[in-house]
Amino acid sequence: QVHLVESGGGVVMPGETLSLSCAPSGRSLSDYLVAWFRQAPGKEREFVAATMFSGGTTNYADFIKGRYTITRDRPNLTANLHIRNLKPEDTAVYYCAVRSKRINSGAWRDASVYDYWGQGTQVTVSS
C-alpha cells in the first residue's frame, strides 16, 4: 500500500510560479511511474505529466507548452510539479498518482492505469 500526500497548492496571482510536491509513505517510489493530473471545476480529470521515478522518459500533456516541469527529488523521495507563468485556466485540484508496474509510455495519460492516488491539492490562480 502506498499513501500519497500532495502539498504546495494555494492561491497565486497570474504570472507567478508554484511548485507542488508529492510525498509517498509506505514505500519508496524508486521503481514507480509517477504522474500528475488535474481537475478543474466542472471538468473531467486530465493528464498533466508523468515520468519514471528512476529516471528516463518524461511525458507532458499537449496544453503544457513548456510551463510545467515534472521532477524527481530522490534524496527526499518526492515527485514534484513546477508550474511557471500561472494562468487562471490552471486553476484546479492537482493530483499525484503512481503505478507500480511498468507500462508502455503511450498509456501514461490514462488515469485508469494508476494504482494509488493522493487526495489532491488546490491551486487557484486569481488576480
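**Exercise 1. A strand pair and its sheet**

Find the residue in β8 that stands opposite S19, and then place β3 and β8 in the open sheet to which they belong.

Solution. Start with the residue pair: S19 stands opposite H82 in β8, where a strand is a DSSP run of E with at least two residues, numbered from the N terminus. The model is a predicted one, in which local features need pLDDT of at least 70 and side-chain atom pairs count only at pLDDT 80 or more, while totals for chains, interfaces and linings use all residues. Residues are numbered from 1 along each chain as its sequence is written, and side-chain values use heavy atoms, with hydrogens and water left out.

Next, go from the residues to the strands: β3 and β8 run antiparallel and are joined by five bridges, and two strands count as paired if DSSP finds at least two bridges between them. The open sheet consists of four strands in the order β1-β3-β8-β7, with antiparallel pairing. Because β1 (3-7) and β7 each have a single partner strand, they stand at the edges, and one side of each is left without a neighbour in the sheet. From one strand to the next, the twist averages 20°, the axes being lines fitted to C-alpha atoms, with angles that run from 0 to 180 degrees between N-to-C directions.

**Exercise 2. The surroundings of T78**

Decide whether T78 is buried or exposed, and list what T78 touches.

Solution. T78 lies in strand β8. With a relative accessible area of 10%, T78 is buried, since buried means under 20% relative accessible area, exposed over 50% and partly exposed in between, computed with a 1.4 Å probe on protein chains only. Leaving aside residues up to four places away in sequence, T78 touches S21, C22, A23, F53, T71, R72 and D73, contact being heavy atoms within 4.5 Å. The T78 side chain also makes a polar contact with the side chain of N80 at 3.4 Å; such a contact is a pair of N or O atoms within 3.5 Å, of which, within protein, one must be able to donate a hydrogen and the other to accept it, and residues adjacent in sequence count only if both atoms are side-chain atoms.

**Exercise 3. The disulfide**

Identify the two cysteines joined by the disulfide, and explain what the pair ties together.

Solution. The structure holds one disulfide, that is, a pair of cysteine sulfur atoms within 2.5 Å. This disulfide joins C22 to C96, with an S to S distance of 2.0 Å. Since C22 lies in strand β3 and C96 in strand β9, the pair ties together parts that are 74 residues apart in sequence. The torsion about the S-S bond of C22 and C96 is about -70°, so the disulfide is left-handed. Both C22 and C96 are buried.

**Exercise 4. β9 and its partners**

Establish how many residues of β9 are buried, and then trace the bridges from β9 to β4, β11 and β10.

Solution. Eight of the eight residues of β9 are buried. A92, Y94, C96 and V98 point one way from the strand, while V93, Y95, A97 and R99 point the other way.

For the partners, work through the strands in turn:

- β4 runs antiparallel to β9 through seven bridges, with F37 opposite Y95 and R38 opposite Y94.
- β11 runs antiparallel to β9 through three bridges, and A92 has V123 as its bridge partner.
- β10 (residues 116-117) runs antiparallel to β9 through two bridges, and V98 has Y116 as its bridge partner.

β4 also runs antiparallel to β5, through six bridges, and there the partner of F37 is F47. Because six of its seven residues are buried, β4 is largely enclosed by the rest of the structure.

**Exercise 5. The nonpolar core**

Name the residues that touch the most other members of the largest nonpolar core, and the elements that give two or more residues to this core.

Solution. A nonpolar core is a set of buried Ala, Val, Leu, Ile, Met, Phe, Trp, Tyr and Cys residues joined through side-chain atoms within 4.5 Å. The largest has 38 residues, of which L20, W36, L81, Y94 and Y114 touch the most other members. Elements that give two or more residues include β3 (18-25), β4 (33-39), β8 (78-83) and β9 (92-99). In soluble globular proteins, nonpolar side chains tend to be buried together.
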